[in-house]
Structure formats: C-alpha cells, structure tokens
Amino acid sequence: NKRNSICFIISLEAVATAVQRVAGMLQRSDQLDKVEQYRRREARKKASVEARLKAAIQSQLDGVRTGLSQLHNALGDVKDIQNSLADVSKDWRQSINTIENLKDVKDAVVQHSQLASAVENLKNIFSVPEIVADTQVLIEQAELLEAHRKLMDLECSRDDLMYEQYRMDSKNTHDMNLIRNYFGEVQGLSDDLAKQLWMVLQRAMGTVRRDPTMLVSVVRIIEREEKIDRRMLDRKKQTGFIPPGRPKSWKEKMFEVLEGTVTTRIEGSQSVTREADKMWMVRLLEITRKYVLDDLIVVKNLMVQCFPPHYNTFDRFFKLYHNAVSMRVQELAAEDLEANEIVSLLTWVLNTYKSEEMMGHPELLTEYDINLMDPLLPQEVVDELLSKYLQTFTSNITGWLRKALETDKKDWFKETEPEADQDGYYQTTLPAIVFQMFEQNLQVAAQINETFKEQVLKLCLKQMNSFLVRYREEAIAYKEDHLRDRQLPQCYVQYMIAIINNCHTFKESINSLKKKYFKSTEPTQNDAAIEKTLNDVAKDGCQFLLDEVFLDLEHHLNELLTRKWLTGTHAVDTICVTVEDYFNDFAKIKKPFNTEMTSEAHRRVVVEYIKAVMQKRITFKNADERREGADRMIKEAEQFKFLFRKLTAGEETDRLCDAIAAIAEVFKLTDPTLLYLEVSTLVSKYPDIREEHIVALLAMRGDASRDMKQMIMETLNQNKPTYSGITQPIFKDITVPTAWTVVLKDL
C-alpha cells in the first residue's frame with residue numbers, strides 16, 4: 001500500500017508538472033494552432049528518454065551477467081589451488097626423511113671442496129719458504145710489482161685455505177692457527193712492501209722527476225690492494241669470514257703519507273730563525289713560496305699522469321699544500337712577532353699567496369680557482385695581528401719622532417748656519433726624516449690593503465699632531481735659553497727661521513701624503529689641530545724673531561720723542577738700518593710667513609713710535625718746537641714708508657706710517673682754535689683712537705687750554721665713529737700712562 005501511495009503521488013506530481021508546461025505553451029489564443037506541433041515535439045522527447053532508460057537498464061544487466069560469470073570462474077580456480085596445496089604438503093612430508101639421509105653427502109661435498117682447494121694450492125704450500133725469500137729479495141731490490149705479485153699468490157693461498165677451514169668448522173681455532181702460523185712470514189712481507197711504498201710516496205716530488213715509472217708501480221699496487229679489500233669485505237658480508245690483515249686500506253694510508261710529505265716539505269723549509277737573520281720572516285716566506293709553486297707545477301705537469309683520473313690528483317695536492325701552508329702561517333701568527341714581521345706575514349698571506357707569483361700563477365689558474373679555498377688565516381687572527389701592529393707602530397713612531405726631535409735640537413746649537421734648500425730658504429732635516437718614516441710605513445701598510453693603509457695614515461697624522469705640540473714647546477724653550485745669553489746660540493736667528501720654514505714643509509708633506517695614500521678628500525679629525533699647531537709654531541717663531549729685533553732697537557726706540565731726539569739724533573736711521581739688516585736674514589723665511597712677519601714688523605715699529613708720543617717724553621714749549629718736532633715726525637714717517645716699501649717689494653704700506661704724519665699735523669697746527677678740526681680729521685682716519693690718546697696728544701702739544709680740551713672731547717664723544725671694520729687697528733693696543741688717565745678724569 002505504501003508503495004502504491006508513493007507511485008500515486010509521483011503520478012500526481014507528473015500530471016501537475018505537465019499541466020503547468022501546457023499552460024505555459026497555451027497562454028495566447030494564436031498558440032492553439034501549434035498544439036499538434038507541441039504534441040509531436042513532446043512525443044519525440046518522451047521517445048528519447050525511454051530509449052536512454054532502456055539502454056541504461058540493458059548495460060546494468062550485461063554488467064551483472066559478466067560479474068556472475070567471473071565469480072563462477074574464480075570459485076573453480078580456488079578449488080584447483082586447494083587441491084595443488086594438498087599435493088605439495090603431501091610431497092614435502094614424504095621428502096623430509098630423504099633430506100636427512102643426504103647429510104653425509106653434504107659433509108662429503110664440503111670435504112671434497114677443501115681437498116680440491118688444498119690440491120690447487122699444494123704447490124704454493126710446499127714452496128712458501130722459497131717464495132717468501134724471493135719476495136724479500138725483490139722488495140729489497142725495489143722490484144715492487146713482481147714482489148707484490150708473489151705476495152698476492154701467498155696471501156691468496158693462505159686466505160683460500162683459511163676460508164675452506166672456516167666453512168668446514170668455524171670454531172676449530174687449532175687448524176685455523178696452524179694455517180696462520182705456517183703463513184706467518186707473509187704479513188711481514190706485506191709490511192716490508194708497504195714501507196717501500198710509503199718511502200717512494202714520501203719522495204714523490206723527486207721520484208716523479210727522476211723515475212715516474214716507480215711512482216706508477218706504487219699506485220698500481222695500491223689499486224690492486226683496494227680491489228682485494230673490496231672483494232674480501234663483500235665476502236665477509238655473505239660468510240662472516242675476513243682474512244687476517246684485511247682490509248689493508250693502503251689507499252687511505254697513501255693519502256695520509258702524501259699529506260705528511262707535504263707538511264714535512266713545508267716545515268722542512270723553515271730552518272731560518274730570528275736569531276740568525278733579522279729578515280728571517282721574509283726569507284722563510286720566500287722559500288715557502290718557491291717550494292710550493294715549484295711542487296704544484298711538478299704535480300700538474302708530471303704527477304697527475306701517474307695517478308688514475310678519478311683521484312683528482314691536482315685538486316688533492318692543491319688542497320694539501322694550502323692546508324699545510326695555512327697551518328704553518330697560523331703557527332707563525334701565534335708567535336711574538338715584531339711590527340715588520342707582522343707586515344711581512346700579512347702582506348704574504350693577503351697578497352703574495354694569491355698573486356701570479358704563487359697560487360695565481362698562469363700554469364695553475366687553469367687547474368684550480370684559488371678563490372674557492374678558505375683563507376690562510378681566519379679573519380679574527382688577521383684583525384688581531386693588525387691591532388698588534390698598530391699598537392707596536394704607535395709606540396715605535398712615538399719613539400722615532402722623539403729621537404728625531406732630539407737630534408734636530410742638537411743642530412739648533414751648532415755654530416754653523418743651517419742648510420738652505422734650492423731656493424735659498426733655511427731648513428733642517430727634521431721634516432724629511434719624519435716624513436720618510438711616515439712614507440716607509442705607509443708603503444708597507446699599502447701592501448696589506450687599502451683600509452689598513454688609511455688606518456696607518458690616520459695614526460701618523462694623530463702622532464704628528466702630538467709631535468708638533470712638543471715641537472712648539474721645544475721652540476719656546478729654545479727662545480728662552482737664548483734670552484738668558486743673547487750671544488748663544490750663535491746661529492739662533494738662522495735656526496729659528498729654519499723652524500718657521502719647517503712648518504711650511506710639514507704642511508706640504510702632510511698634503512702630499514694625504515693625496516697619495518688617502519682616497520677620500522674629506523678632512524680628517526686631526527687636520528684642523530695640525531693646521532692650528534703649525535700656524536702657532538710659525539707665528540711664535542716670527543714673534544720670537546721680532547722680539548729679537550726689538551730688543552736691539554729698544555735703546556733707540558727709547559730716544560724717540562725726547563729732548564735729545566728734538567735736538568737731533570740718528571735713532572730712526574739706526575732703527576731702519578737694523579730692521580733692514582735683520583730682514584736680509586728674514587728673506588730666507590718662506591711665504592706666507594715672510595709676508596706676515598714684514599707686516600707685523602711694520603705695524604710694531606709704528607706702534608712703538610706712537611707709544612713714545614703717548615708717554616709724554618717731551619712737551620713742546622712753543623710753536624717752533626712743535627713745528628720742528630712735527631717736521632721730524634713727518635720725515636721719519638717717510639723713512640719708515642721707504643723702508644717697508646722696500647721690504648714688501650713695493651706693496652702699499654702707507655696707512656700705518658700715515659698715522660705718524662697725522663699726529664704730526666696735530667702738533668704742527670699753529671692756530672689752537674682749529675685744533676678741533678685737526679683732531680676730528682685724525683679720529684675719522686683712525687677711529688680706534690681713544691679719549692686718552694687725544695688727551696695725551698693735546699698735553700704734549702702744550703698750548704691747549706683746559707676749556708678747549710674739554711670742548712674737543714665732548715664734541716668727539718657726541719660724534720664718535722665706529723671702527724669695528726678696521727683690518728689694521730693701530731691705537732687699539734697702545735696704552736696711555738696713568739698720568740694721562742688722571743688728566744682725562746679732570747676734564
């Protein structure tokens with residue numbers, strides 16, 4: 001009933017769906033004409049669906065039929081297999097007794113195999129002592145291939161007998177030991193032959209040049225033994241038996257011997273010591289370079305042909321030599337090396353080793369890329385050596401500079417003038433010595449790498465700054481020693497000039513070093529300090545020389561603007577002659593110090609002259625004295641102009657001397673009522689003049705009333721000009737005696 005209900009519901013749904021589709025087709029009256037067309041289309045669709053359903057059902061029925069057939073066949077096969085297994089089980093049970101009855105046959109087969117092996121080796125067994133003796137002779141005569149052939153025959157006989165005994169009764173140690181003892185001398189022969197092989201390999205570099213066939217024979221013997229080792233190891237996996245002395249591993253031992261030979265070759269060249277030769281490191285490294293290069297070229301051209309290709313002989317030897325050299329240089333780096341030894345070692349390790357002179361040689365480049373190898377020295381060891389070198393270099397260069405300065409100081413006290421350069425300028429050897437030291441160390445540092453070279457240059461400049469500070473201190477001490485007795489040293493002026501000129505040479509040398517060894521154009525942190533110290537030394541030297549001049553002029557300067565001066569004296573003439581005489585020597589000072597010194601001397605002469613005016617050494621009594629004094633001042637100003645034009649090769653020097661003439665005009669004025677105008681003109685030309693200077697001038701003139709002085713000062717204060725932009729202030733450093741300050745207060 002449930003099944004019928006489901007079918008009924010499905011029918012109703014189908015009818016409803018059909019009604020809905022028909023309603024969709026016949027929505028308009030004109031579609032009624034196409035009813036027959038719709039009916040035929042639906043009939044075709046129905047027929048198509050029914051055909052597909054029939055095909056699907058038929059396919060399902062065919063599959064079921066095929067499956068049933070296969071199941072039937074499988075059932076038959078299973079029954080056949082069961083019958084066959086039953087027959088096999090029956091036959092196996094019947095054959096157990098037969099197998100047990102064949103045990104005696106099996107034992108007979110094993111015994112027969114042993115007897116066959118004994119018969120086969122019977123000749124060798126009886127001739128073992130004779131073969132051993134012949135083999136020993138062949139080994140001693142270096143007939144290695146023939147000796148090895150006989151040795152293999154003996155070992156083969158022994159190993160076969162021991163193997164058959166092992167197969168028959170592996171626990172019968174008595175018979176096994178009996179065989180072993182009978183062939184006891186065979187192991188000794190093997191050891192003796194091995195010694196000969198290792199001896200040939202140890203001398204491989206010489207052997208391959210002299211008799212390469214000997215080396216080839218050794219390699220062939222080792223290859224034979226390798227094959228026997230592999231065969232014995234394979235049999236051991238199957239049977240558990242391994243002959244005594246196997247595996248020999250002669251190939252592995254060969255490489256150990258070659259490695260030891262290379263190491264000995266490197267260490268054997270290291271007989272040079274520091275005690276025997278100061279250049280021991282350079283000599284030792286050069287010997288190593290030559291040995292390694294020569295040996296590797298021999299390996300490439302001769303030894304490679306003596307080994308099988310799969311040995312990669314050149315690569316192997318290249319690595320052996322690289323590792324041996326690396327171990328040796330690490331041992332050297334661990335020693336207490338001096339600075340020059342550190343540089344020699346690092347230069348060799350970082351540059352020479354990979355250069356064309358050694359591992360980068362054209363004959364080797366085609367065989368191996370050196371850049372694939374590890375560095376000879378770890379970077380931390382290189383850094384440690386560089387740091388140690390810098391510490392040692394700092395200590396050494398400090399001592400060198402101190403010693404150079406001490407030597408130069410001794411020259412300052414000589415009774416002969418210092419040498420002059422090609423242009424006639426005095427100089428000492430100090431700059432040349434200092435920068436020769438710097439140059440040598442920088443050339444050495446440049447051999448290592450660019451970074452280290454710049455580090456050394458910076459260190460040199462740092463030490464240079466400290467050195468120049470001491471240089472200045474010694475120059476000051478030199479001047480103070482001279483002041484204690486101006487007669488000593490005899491060539492004080494000349495050597496002080498040389499000290500000044502050295503500053504210029506130092507500057508040029510520093511710039512030259514920086515251009516040559518410093519890639520960057522950026523200033524270093526020591527540049528400003530060095531520049532300042534050099535300028536200070538030069539300025540001090542110029543000042544000391546001027547002090548020397550003015551010590552000689554002191555008496556004559558004291559005569560200026562005195563009664564004696566007014567009545568007639570040659571003080572200025574003497575001053576000019578003395579200055580000119582000194583400046584004949586000062587002409588040997590290099591520019592710009594020469595020019596600056598001349599300007600300073602000019603300014604100082606004028607200042608000293610004006611100081612004499614301000615000190616009121618004389619007060620003019622009347623107009624005649626004022627005119628006479630003013631004329632003399634104007635004349636002497638012209639003398640100074642002439643002198644310093646001559647010393648400065650015609651450069652404009654009038655402004656300073658014109659100050660003397662301007663003061664003279666204040667004295668020369670005959671009408672006191674016009675003093676204000678004259679003083680105003682003076683102040684406008686030299687705005688750094690102060691009130692006390694004006695008071696001193698008016699007091700020296702001797703005819704200005706108190707009211708006039710007060711009026712002039714008040715008016716000038718109201719119209720006081722500025723002088724901040726003056727490049728050569730004259731009155732700024734001129735002090736007025738206390739007496740004039742009191743006068744100024746009274747005003």
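**Exercise 1. Find where P247 sits in this predicted model, then work out what kind of peptide bond leads into it from R246.**

Start with the location: P247 is in the loop between α10 (212-239) and α11. Next, check omega for the bond from R246 to P247, which comes out near -5 degrees. That makes the bond cis. It's worth flagging, because most peptide bonds are trans.

**Exercise 2. Now look at K591 and P592: what kind of peptide bond joins them, and where is P592?**

Omega is about 5 degrees here, so go with what that value describes: a cis peptide bond between K591 and P592. As for the place, P592 belongs to the loop between α22 (571-586) and α23 (593-614).

**Exercise 3. Work out the sign of phi for N312 and for K616, then place both residues and say how exposed they are.**

Take N312 to begin with. Its phi is near 50 degrees, a positive value in a residue other than glycine. You'll find N312 in the loop between α12 (280-301) and α13 (313-333). Its relative accessibility is 49%, so N312 counts as partly exposed.

On to K616. Phi is near 50 degrees for K616 too, again positive in a residue that isn't glycine. K616 sits in the loop between α23 and α24 (623-647). With a relative accessible area of 35%, K616 is partly exposed. Why bother noting the sign? Because most residues other than glycine have a negative phi.

**Exercise 4. Which helix holds E259, and how far is its C-alpha from that of N323?**

Look in helix α11 (residues 250-267) and you'll find E259 there. Along the chain, E259 and N323 are 64 residues apart, while their C-alpha atoms are separated by 9.3 Å. For exposure, E259 has 42% relative accessibility; buried would need under 20% and exposed over 50%, so E259 is partly exposed.

**Exercise 5. Compare the span of helix α18 with the expected value, and say which residue caps its N-terminal end.**

Count the residues of α18 (450-484): there are 35. From first C-alpha to last, the helix reaches 51 Å, close to the 51 Å expected at 1.5 Å a residue. The cap at the N-terminal end is N449, with a side-chain oxygen 3.3 Å from the backbone nitrogen of T451.

**Exercise 6. Which residues form a nonpolar surface patch with V22, and where does V35 lie?**

The patch is made of V22, L26, L32 and V35, with about 300 Å² of accessible area together. Of these, V35 lies in helix α2 (residues 35-101). Its relative accessibility is 36%, so V35 counts as partly exposed.

Conventions: Residues numbered from 1 in each chain as written. Predicted model: local features only at pLDDT ≥ 70, side-chain atom pairs only at ≥ 80, totals over all residues. Heavy atoms only, no water. Helix = DSSP H or I, 4+ residues; strand = E, 2+ residues; numbered from the N terminus. Buried < 20%, exposed > 50% of the residue type's maximum accessible area, 1.4 Å probe, protein only. Expected span 1.5 Å × (residues − 1). Polar contact = N/O pair within 3.5 Å; in protein donor to acceptor, adjacent residues only side chain to side chain. Patch = residues over 30% accessible without salt bridge, like charges linked within 9 Å, V, L, I, M, F, W, Y side chains within 5 Å. Areas by Shrake-Rupley, 256 points an atom, 1.4 Å probe, with all protein chains shown as cover. Salt bridge = Lys/Arg side-chain N within 4 Å of Asp/Glu carboxyl O.
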